[in-house]
Amino acid sequence: MTDPPRDLTPPPWRVALPRLALRCAVVVGAALLLLSLYDVAMTLSDRLPETDRWATQIVLTGGVLLLYAILISVPFVPGVEIGLALLLMRGAEIAPAVYLATVLGLLLAYLLGRYLPITVMHRLFLDLHMTSACRMIAEIAPLGADARLALLRRRLPRWAAPCLLRYRYLTLAMLLNLPGNAVIGGGGGLSLLAGLSRVFRPLPLALTLCLAVAPVPLAVWLFGAEFLG
């Protein structure tokens, strides 16, 4: 159990906005820099002798995918769009690696939500002036998994609660594939909240992520980047 955060007063916008702007700038800047550097580096590596080219491109791709996995775990980051950009740039050859990095990034977000101090999430939502979310975090913090599930059941519309909670893994998979889901937290935010809720068990959650992420990388791997056009 965790002591519930008590501060439900969001900081004034003059304090919150610069912090949020800095976070967004860092994430967006990192994503743009990541894609630009990767494109330039792969172009330059094509000029290397064939014996050196293969090893260099593996190292570059591994580093980029590691950064991509970290980026996609961040809430409200359009991770799907970054992944699509990588698939468009490199096509079928990178599809399996993008798939693996996406799953690992979302799993990282889930683990952070499950084990990160709840006060960190509380502070983020306060900066966003999402006082309802802060109030819910304060309410669920001291509860165990069964009590949290019961609370969610009470909070959801009566007609939707049984379906959404009974098939919560399917619901999460659908939300992860929802176009424009960055406005509701993105894949990273949704996975983070899944971990925070404590009602998603690690193994079924990992299997859900593996299946939910598969369609687009698999299609690109089989049919090439033209599939995205």
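This is a short talk through one protein chain, from its overall make-up to a few single residues.

Good morning. A word of caution to begin with: this is a predicted model. Please keep that in mind throughout.

Let's start with the whole chain. How many helices and strands does the protein chain have? There are 12 helices and 0 strands. Read along the sequence, the pattern is therefore α-α-α-α-α-α-α-α-α-α-α-α, with helices and strands taken as DSSP runs. The chain has 229 residues, and buried ones make up 40% of them. It exposes about 13000 Å². Carbon and sulfur atoms supply 71% of that area. Now the contacts with a separation of 6 or more. Of these, 71% are between residues 24 or more positions apart.

Next, the inside. In soluble globular proteins, nonpolar side chains tend to be buried together. Here, the largest nonpolar core holds 32 residues. Which of them touch the most other members? They are Y68, V98, L172, L176, F200 and L205. Several helices give two or more residues to this core: α2 (50–72), α3 (79–90), α4 (95–115), α9 (168–176), α10 (186–197) and α11 (202–213). There is also a second, separate core, with 11 residues. Among its members are I118, C134, L151 and L196.

Pick out L172 from the largest core. What is L172 in contact with, leaving aside its neighbours within four places in sequence? The partners are L190, A194, F200 and L205. Two of those names, F200 and L205, were on the list of residues touching the most other members.

Now two of the helices, starting with α3. Its 12 residues should span 16 Å at 1.5 Å a residue. The end C-alpha atoms are 17 Å apart, which agrees. Which residues of α3 are buried? G79, I82, G83, A85, L86 and L87. After α3 comes G91, and its phi is positive, near 70°.

Helix α4 gets the same check. At 1.5 Å a residue, its 21 residues should span 30 Å. The ends are 30 Å apart, C-alpha to C-alpha, so expectation and model agree. The buried residues of α4 are A95, V98, A101, T102, V103, G105, L106, A109, Y110, G113 and R114.

Stay with A95, in helix α4. Why does A95 count as buried? Because its relative accessibility is 0%, and the cut-off for buried is under 20%. Leaving aside neighbours within four places in sequence, A95 is in contact with L87, P217, V220 and W221. Look at P217 in particular. A95 and P217 are 122 residues apart in sequence. In space they are 5.0 Å apart, C-alpha to C-alpha.

Let's move to the surface. L66, L67, I70, L108, L112, L116 and V120 form a nonpolar patch there. Together they have about 560 Å² of accessible area. Helices α2 and α4 each give two or more residues to the patch. Which gives the most? That is α2, with 3 residues. From the patch, take L108, which lies in helix α4. L108 counts as partly exposed because its relative accessibility is 34%.

Three more residues, quickly.

T208 is in helix α11. Is T208 buried or exposed? At 11% relative accessibility, it counts as buried. Beyond its neighbours within four places in sequence, T208 is in contact with Y169 and A173.

M136 is in helix α6, residues 131–140. At 25% relative accessibility, M136 counts as partly exposed. Setting aside neighbours within four places in sequence, its contacts are L152 and R155. M136 and R155 are 19 residues apart in sequence. Their C-alpha atoms are 10.0 Å apart in space.

Last, R198. Where is R198 found? It is in the loop between α10 and α11. Phi of R198 is near 65°, a positive value in a residue other than glycine. R198 is partly exposed, because its relative accessible area is 25%.

To recap: 12 helices and 0 strands. One core of 32 residues, and a second, separate one of 11. On the surface, a nonpolar patch with residues from α2 and α4. And again, the model is predicted. Thank you.

Note on methods
Residues numbered from 1 in each chain as written. Predicted model: local features only at pLDDT ≥ 70, side-chain atom pairs only at ≥ 80, totals over all residues. Heavy atoms only, no water. Core = buried A, V, L, I, M, F, W, Y, C linked by side-chain atoms within 4.5 Å. Buried < 20%, exposed > 50% of the residue type's maximum accessible area, 1.4 Å probe, protein only. Helix = DSSP H or I, 4+ residues; strand = E, 2+ residues; numbered from the N terminus. Contact = heavy atoms within 4.5 Å. Expected span 1.5 Å × (residues − 1). Patch = residues over 30% accessible without salt bridge, like charges linked within 9 Å, V, L, I, M, F, W, Y side chains within 5 Å. Areas by Shrake-Rupley, 256 points an atom, 1.4 Å probe, with all protein chains shown as cover. Salt bridge = Lys/Arg side-chain N within 4 Å of Asp/Glu carboxyl O.
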